[in-house]
Amino acid sequence: MPKIVDHDARREEIIEAVWRLVARRGFAALNMRDLAAEAGFTNGALARYFPTKAAILRAALERANAATEQRAARTIAGANGVDAFRKFCIEIMPLDDERLNEARVVIGFWNYAVADEELIDVYDQAISRWRDQMLSYLRTAAEAGEINPSCDLDAFLDLVMATLMGLQINAIFAARLTTPARQLRILDGLIAGLQTGEHGMPSARA
């Protein structure tokens, strides 16, 4: 009988190898030959699962996004409002080695995908999902009186998303000044401003 190959398991093995290489050397140093060796495949066998570097990067990014969303689902569980919003943000922030590796994949993706509309769309879809989820938590918080109801939540989320992406960059390139404690202080400062209405954003009625 021919050997039955679990293609999903093989793809997962390859993505695991991508993450190990990116953690050690960064995405720029990733090439198909080294990846095949890391995963225990021949170059020809690797191409059956991921024909191009772009395909590998897309899969790596999708896994990073899925990991964030799975952690958030576990952490948030029955929470809502400001508590759920804060917990969701924390799962995006590079506070430990796992999330730092995710940030390395994301930053590598930015550099590689800048001229590829299909890859940009993968990133855009994830950011849109996260933003919608955050907005639902903040609306619940406003209804419950946890935050200032006059705040422009859309403008606030622009600030939050820019901050979270900046923390991913700074945690890698300016780690001494982007410690977990400092990151959490930034997040809590944003939330405090939302609660008082002093976050520097216009009100929803402005």
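## How H4 and H5 cross

Helix axes here are lines fitted to C-alpha atoms over the stretch in contact, and angles run from 0 to 180 degrees between N-to-C directions. With that in hand, let's look at this predicted model. The axes of helix H4 (residues 53-76) and helix H5 (residues 81-92) cross at roughly 145° and come within 9 Å. Their crossing is right-handed.

On the H4 side, the contact is made by Thr68, Arg71, Ala72, Thr75 and Ile76, which meet Ala84, Lys87, Phe88, Glu91 and Ile92 of H5. Sorted by class, this contact between H4 and H5 holds 5 nonpolar, 3 charged and 2 polar residues.

## Helix H6 and its cover

Next comes helix H6 (residues 97-113), with 17 residues. At 1.5 Å a residue it should span 24 Å, and its end C-alpha atoms are 24 Å apart, so the expected and modelled values agree.

Several H6 residues are buried, including Arg99, Leu100, Asn101, Glu102, Ala103, Val105, Val106 and Ile107. Gly108, Phe109 and Ala113 are also among the buried residues of this helix. Their cover includes helix H1 (7-25), H4, H5, helix H7 (117-143) and H8.

## Glutamine 168 in H8

Now to a single residue: glutamine 168 sits in helix H8, which covers residues 153-173. Is glutamine 168 buried or exposed? Its relative accessibility is 6%, and buried means under 20%, so glutamine 168 counts as buried.

Setting aside neighbours within four places in sequence, glutamine 168 is in contact with Ile92, Pro94, Ala103, Val106, Ile107 and Trp110. Among these partners, Ala103, Val106 and Ile107 are buried residues of H6, and Ile92 belongs to the H5 side of the contact with H4.

Methods: Residues numbered from 1 in each chain as written. Predicted model: local features only at pLDDT ≥ 70, side-chain atom pairs only at ≥ 80, totals over all residues. Heavy atoms only, no water. Helix = DSSP H or I, 4+ residues; strand = E, 2+ residues; numbered from the N terminus. Buried < 20%, exposed > 50% of the residue type's maximum accessible area, 1.4 Å probe, protein only. Contact = heavy atoms within 4.5 Å. Left-handed = near helix turned anticlockwise from the far one by under 90°. Nonpolar A, V, L, I, M, F, W, Y, C, P; charged D, E, K, R; others polar. Expected span 1.5 Å × (residues − 1).
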